[in-house]
Amino acid sequence: MFETPDAPSAPAVLPNPLREGLAEERVPEPAAMVIFGASGDLAHRKLLPALYSLTRDRLLPARFAIVGFARRAVSDEVFREEMRAACNEHARRRPIDPDLWSAFARNIFYQQGEYEDPASFLALKQRLADIERTLGLHGNRVFYLATPPSSFASVIRSLGEAELAPKPPPLGAPQPPGAPPPFARVIIEKPFGTDLETARALNRHIHETLDERQIYRIDHYLGKETVQNLLVFRFANGIFEPVWNNRFVDHVQITGAESIGVETRGGYFEQAGSLRDMVQNHLLQVLSLFAMEPPIAFDPDAVRDEKLKVLKALRYIPASDFETHVVRAQYAAGSSGGEAVRGYRQEPHVSPSSATETFVALKLFIDSWRWAGVPFYLRSGKRLPKRVTEIAVHFKEAPHLLFGRRGESIRPNVLAIRIQPDEGIALNFGSKLPGPAMEIAPVSMEFRYGSSFGVEPPEAYERLLLDCLLGDSTLFTRADEVEASWAWVSRIHRRWAEETASGAGALPTYPAGSWGPPAADRLMTADGRAWRLP
Ligand code: BG6
């Protein structure tokens with residue numbers, strides 16, 4: 001049992017005066033979290049560090065256990081030591097607190113097994129039952145699928161066969177007297193399918209074992225503070241929503257830029273490419289939160305119903321528009337952070353003749369009353385000049401320019417929502433320069449998370465793991481959302497496949513450290529616009 005709340009050695013948490021008067025945190029029920037793929041990178045870099053940080057912030061239940069499950073045979077002790085090293089390296093607050101760690105580590109266990117082997121799951125069931133009994137966890141379970149995607153289906157089948165994750169009673173069924181039945185929830189990592197057909201097949205397969213209410217498909221962008229703040233910004237303030245439409249907005253730019261290359265993930269990236277890796281999930285999720293109608297409530301289905309409508313309203317890009325609406329490219333050798341770096345084709349596990357895109361830029365439209373006629377420009381790439389994720393809302397010009405030639409320097413207003421790094425929001429507008437002349441200069445009004453709240457935002461995984469334990473799936477993607485975004489993206493892939501088959505559409509390159517190929521700029525200049533320098 002974690003004794004952190006009362007342990008004398010637990011670090012003192014000082015009240016944050018900037019949070020005074022804000023709602024108290026919710027604490028989940030006692031539970032066990034089983035992590036499949038516990039030997040992998042995700043468990044080491046993200047999951048265990050996130051769980052440790054949640055413990056530190058006293059957001060986990062006092063009775064909580066972690067069971068790592070993977071193929072390697074290691075003891076509980078060895079696994080705990082590995083996780084300690086991982087947390088020391090990756091947890092948000094480092095170095096870890098030794099006393100807190102010993103209490104935390106006492107409830108970390110390891111179970112060796114194979115994902116397709118029924119006996120391994122029966123052994124897991126027995127082990128879980130023992131742990132639950134000893135720690136008083138009431139049988140509440142979260143299963144985290146941090147395995148390669150090829151194992152998602154078999155793990156879920158095995159969970160079902162071992163009766164480890166029974167379905168909840170049907171919605172509206174009368175509640176039996178006494179305590180509610182224990183919960184069993186399953187978190188599924190990305191990628192969820194590789195196209196519309198595979199995503200549909202995976203959904204069908206999962207639904208044979210689990211109810212949609214038990215499924216938590218992760219898109220870690222939804223766990224980022226600034227992405228969630230989009231909802232607050234739009235719907236907790238009265239002044240932005242009236243201008244959030246085609247009468248006031250000229251166009252919107254969404255940039256998801258990374259300075260890193262594919263690093264050690266060449267094998268995965270070869271099969272994915274930027275469109276699958278970043279656009280189908282992260283950028284389309286951000287877009288749907290940005291563009292959706294106000295939901296009738298802040299609950300999982302109301303929010304996801306509205307996001308789904310945006311994804312369904314994405315206009316398919318017709319073949320005739322492909323050249324002017326879709327750009328893909330691959331990074332060639334160049335420089336990053338002042339150092340020479342190799343091109344994508346020279347990266348480990350990448351084919352020397354690879355045709356995988358590491359950059360994509362798109363112009364798209366949302367066919368809805370609110371957004372009709374407003375172009376959305378999306379771009380994402382690896383080995384760009386810096387890491388930045390941003391939404392920039394470019395408003396229309398003032399309808400009448402009063403200031404004649406002196407007003408030439410007036411630029412349309414831009415609202416920049418910075419998702420990372422330097423999380424915050426800035427509004428650019430024109431202001432009079434001090435002095436006798438009516439000179440106008442662009443200025444900016446800024447809000448920054450760091451300075452306004454005096455805290456660094458938590459890691460996305462912290463928020464998402466906590467939400468799952470609390471049974472809140474608002475920030476997870478629903479089956480129909482995933483399918484709608486694949487339906488749109490898969491058409492682009494099909495068109496690319498046709499181009500490749502016909503020998504057309506050679507993949508352009510861009511030097512590492514640049515903002516992509518010239519074609520990405522042409523996509524904007526053809527419309528008399530330019531990418532904002534984020
Ligand atoms: C992952 C992609 O989903 O998101 C990676 O697979 C990418 O290729 C990463 O680097 C970006 O996430 P973040 O949080 O660093 O912006």
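**Exercise 1. A loop residue and its surroundings**

Find where Ile96 sits in this predicted model, and decide whether it is buried or exposed.

*Solution.* Start with the chain. Ile96 belongs to the loop between helix H2 (76–90) and helix H3 (98–105). Next, look at accessibility: Ile96 has a relative accessibility of 7%, and the cut-off for buried is under 20%. Ile96 therefore counts as buried. Now compare sequence with space. Tyr52 is 44 residues away from Ile96 in sequence, yet their C-alpha atoms are 8.6 Å apart.

Stay in this loop for one more step. Pro95 is also found between H2 and H3, and the peptide bond that joins Arg94 to Pro95 is cis, with omega at about -10 degrees.

**Exercise 2. The loop between E14 and E15**

Describe how strands E14 and E15 pair, then look for unusual backbone geometry at Pro421 and Asp422.

*Solution.* Begin with the strands. E14 covers residues 414–420 and E15 covers residues 424–432; they pair in the antiparallel sense, over 5 bridges. One of the bridge partners is easy to locate: Ala416 is matched with Ala426 in E15.

Then move into the loop that links them. Pro421 lies there, and the peptide bond leading to Pro421 from Gln420 is cis, with omega near -20 degrees. Asp422 is in the loop between E14 and E15 as well. Its phi is positive, about 50 degrees, although Asp422 is not a glycine. To see why these features deserve a second look, recall that most residues other than glycine have a negative phi, and most peptide bonds are trans. Finally, check the accessibility: at 47% relative accessible area, Asp422 is partly exposed.

For practice, try Glu163. Glu163 lies in the loop between helix H5 (152–161) and strand E5 (184–188). Phi of Glu163 is also positive, near 55 degrees. With a relative accessibility of 60%, Glu163 counts as exposed.

**Exercise 3. The sheet and its strand E12**

Work out the strand order of the 9-stranded sheet, then say how enclosed strand E12 is.

*Solution.* First, trace the order. The sheet is open and runs E16-E15-E14-E13-E7-E12-E11-E8-E17, with mixed pairing. At the edges are strand E16 (440–448) and strand E17 (509–511), each of which pairs on one side only. Neighbouring strands are turned against each other by 20 degrees on average, with direction ignored.

Second, look at the neighbours of E12. Strands of a sheet pair through backbone hydrogen bonds, either parallel or antiparallel. Strand E7 (residues 249–257) pairs with E12 in the parallel sense over 6 bridges, and Thr255 stands opposite Arg379 of E12. Strand E11 (residues 359–364) pairs with E12 in the antiparallel sense, also over 6 bridges. Here Phe359 has Gly381 of E12 as its bridge partner.

Third, consider the two faces. In a regular strand the side chains alternate between the two faces of the sheet. In E12, Phe376, Leu378 and Ser380 point one way, while Tyr377, Arg379 and Gly381 point the other way. Because 6 of the 6 residues of E12 (residues 376–381) are buried, this strand is largely enclosed by the rest of the structure.

**Exercise 4. Space inside the model**

How many cavities of 30 Å³ or more are there, and which residues line the largest one?

*Solution.* The count comes to 2 cavities of 30 Å³ or more. The largest holds about 140 Å³ of space. Its lining is made of 16 residues, and those closest to the centre are Phe192, Gln280, Asn281, Thr477 and Val482. Now sort the lining by element: helix H8 (266–291) and helix H13 (479–501) are the elements that give two or more residues. H13 gives the most, with 4 residues. Sorted by class, the lining has 6 nonpolar, 5 polar and 5 charged residues.

**Exercise 5. Checking the cysteines**

How many disulfides does the structure hold?

*Solution.* The number is 0. Take Cys87: the nearest cysteine sulfur belongs to Cys468 and is 19 Å away. A disulfide needs the two sulfur atoms within 2.5 Å, so a pair at a distance of 19 Å does not qualify. Cys468 is likewise in no disulfide. As for accessibility, Cys87 is buried at 0% relative accessible area, and Cys468 is buried at 0% too.

Note on methods. Residues are numbered from 1 along each chain as its sequence is written. This is a predicted model: local features need pLDDT of at least 70, side-chain atom pairs count only at pLDDT 80 or more; totals for chains, interfaces and linings use all residues. Side-chain values use heavy atoms; hydrogens and water are left out. Buried means under 20% relative accessible area, exposed over 50%, partly exposed in between (1.4 Å probe, protein chains only). On a 1 Å grid over the protein atoms alone, a cavity is a set of points where a 1.4 Å probe fits but cannot get out, and a pocket is an open set with protein on both sides within 12 Å along at least five of seven lines; lining residues have an atom within 4 Å of a point. Grid points are joined across faces, edges and corners, and a volume is the space filled by probe spheres set on the points. Ala, Val, Leu, Ile, Met, Phe, Trp, Tyr, Cys and Pro count as nonpolar, Asp, Glu, Lys and Arg as charged, and the others, Gly among them, as polar. Two strands pair if DSSP finds at least two bridges between them. Axes are lines fitted to C-alpha atoms, for helices over the stretch in contact, and angles run from 0 to 180 degrees between N-to-C directions.
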